[in-house]
Amino acid sequence: MYSFTQKYPPVKFLSEKDRKRILVTGGAGFVGSHLTDKLMMDGHEVTVVDNFFTGRKRNVEHWIGHENFELINHDVVEPLYIEVDQIYHLASPASPPSYMYNPIKTLKTNTIGTLNMLGLAKRVGARLLLASTSEVYGDPEVHPQTEDYWGHVNPIGPRACYDEGKRVAETMCYAYMKQEGVEVRVARIFNTFGPRMHMNDGRVVSNFILQALQGEPLTVYGSGSQTRAFQYVSDLVNGLVALMNSNVSSPVNLGNPEEHTILEFAQLIKNLVGSGSEIQFLSEAQDDPQKRKPDIKKAKLMLGWEPVVPLEEGLNKAIHYFRKELEYQANNQYIPKPKPARVKRGRTRRS
């Protein structure tokens, strides 16, 4: 007899005592969907909560209908009442164009949303992992950045809605831990890339790949001497799971310490794509950090974690994904149909 379960990726069987009920907020986003894949394949029951502000249903559609999977269209700014054992709180726009597009929404998600998730963790006795960011270090005056560095952040700059939103989210976690005994884990995530990134999210890697594939100039802001350190998404996901299941309650950097200038990245991606695009220099973006490199001694020592995917291997996977996306878009051009004339009714409808 035909089994409908054949359409799902392979899932381990876990006994009742080992299987956890896990909530992933922002689980339809770039990182959240890869985390969901890992947790599902490891045999856990996963509930994804997403309001689809930047997340996409197609990132998790391969799990819809599976008995261990649930997808809830919900905004974490509103309270949520469900029973779970662990909460991975990833909900928040994470690329500069996304979080600067609606700074108030970004702030609300990182403050009220985090309060709601901590409230849920307190009510049901769950452990919460906050997906924080290397942006808490701002434009750092210390290099590389260790977890005990307090940061150098402009609280009223264009990126402050995200930087300060994440900083206060960390503060909230430790307030709930101290006052209410909630178990918290805080991951400070450095630049990450891979399949399912939004093509137009304005991040360095996606910008360069898209421009190279389309034969457009690769736009470098400033001199291109700013440094970044990029990790592939599967490395990050393994780090998040290791941190959640560890006894480390203080913040932990998760990133790749292999540092490159933005200009080096542009050249590398151009070569991997085989593109004839030229490199174009534009004026520097405001509050753009000049140096960014994680110190990951703590993650190595306490979690036994470090990135293992080589940069070129990860970039080739991302390039393959973006090629497919461009083909998909080209073959599915949406041509809007003319709207039929509205028939007047006796009553006016409220919007």
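Buried, on this tour, means under 20% relative accessible area. Keep that cut-off in mind as you click through this predicted model.

**Stop 1: the two cysteines**

Start by selecting Cys161. Is Cys161 buried or exposed? Its relative accessible area is 7%, so Cys161 is buried. Now add Cys173 to the selection. At 0% relative accessible area, Cys173 is buried as well.

Why is there no bond between the sulfur of Cys173 and the closest cysteine sulfur? A disulfide needs the two sulfur atoms within 2.5 Å. The closest cysteine sulfur to that of Cys173 belongs to Cys161 and lies 19 Å away, so the gap is too far for a bond. The disulfide count comes to zero. Cys161 takes part in no disulfide, its nearest cysteine sulfur being that of Cys173.

**Stop 2: strand E4 and its partners**

Next, select residues 86-89, which form strand E4. Colour the side chains by face: Gln86 and Tyr88 sit on one side, with Ile87 and His89 on the other. Both faces are covered, and these four residues are all buried.

Now bring in strand E1, residues 21-25, which pairs with E4 in the parallel sense over four bridges. To find the register, show Thr25, which stands opposite His89 of E4.

Then add strand E5, residues 127-133. E5 runs parallel to E4, and four bridges join the two. Here the pair to look for is Tyr88 of E4 and Leu129 of E5, which stand opposite each other.

**Stop 3: the nonpolar cores**

Keep Tyr88 on screen, as it leads to the next stop. Which residues touch the most other members of the largest nonpolar core? They are Tyr88, Phe193, Leu240 and Leu254, in a core of 60 residues.

Zoom in on Phe193 and display its surroundings. Setting aside neighbours within four places in sequence, its contacts include Phe30, Val205, Phe230, Tyr232, Val233, Leu311, Leu315 and Ala318. Gln231 and Gly314 are also among the residues in contact with Phe193.

There is a second, separate core too, made of 20 residues. Among its members are Ile87, Met117, Ala126 and Met172. You met Ile87 on strand E4, on the other side from Tyr88.

**Stop 4: the confidence colouring**

Finally, colour the chain by pLDDT. The protein averages 89, and 92% of the residues score at least 70. Select residues 1-5: there pLDDT stays under 50, and the model has zero contacts beyond four places in sequence for them. Then jump to residues 343-351, where pLDDT is below 50 and the stretch has zero contacts beyond near neighbours in sequence.

Conventions: Residues are numbered from 1 along each chain as its sequence is written. This is a predicted model: local features need pLDDT of at least 70, side-chain atom pairs count only at pLDDT 80 or more; totals for chains, interfaces and linings use all residues. Side-chain values use heavy atoms; hydrogens and water are left out. Buried means under 20% relative accessible area, exposed over 50%, partly exposed in between (1.4 Å probe, protein chains only). A nonpolar core is a set of buried Ala, Val, Leu, Ile, Met, Phe, Trp, Tyr and Cys residues joined through side-chain atoms within 4.5 Å. Contact means heavy atoms within 4.5 Å. pLDDT is the predictor's confidence in each residue, from 0 to 100. Two strands pair if DSSP finds at least two bridges between them.
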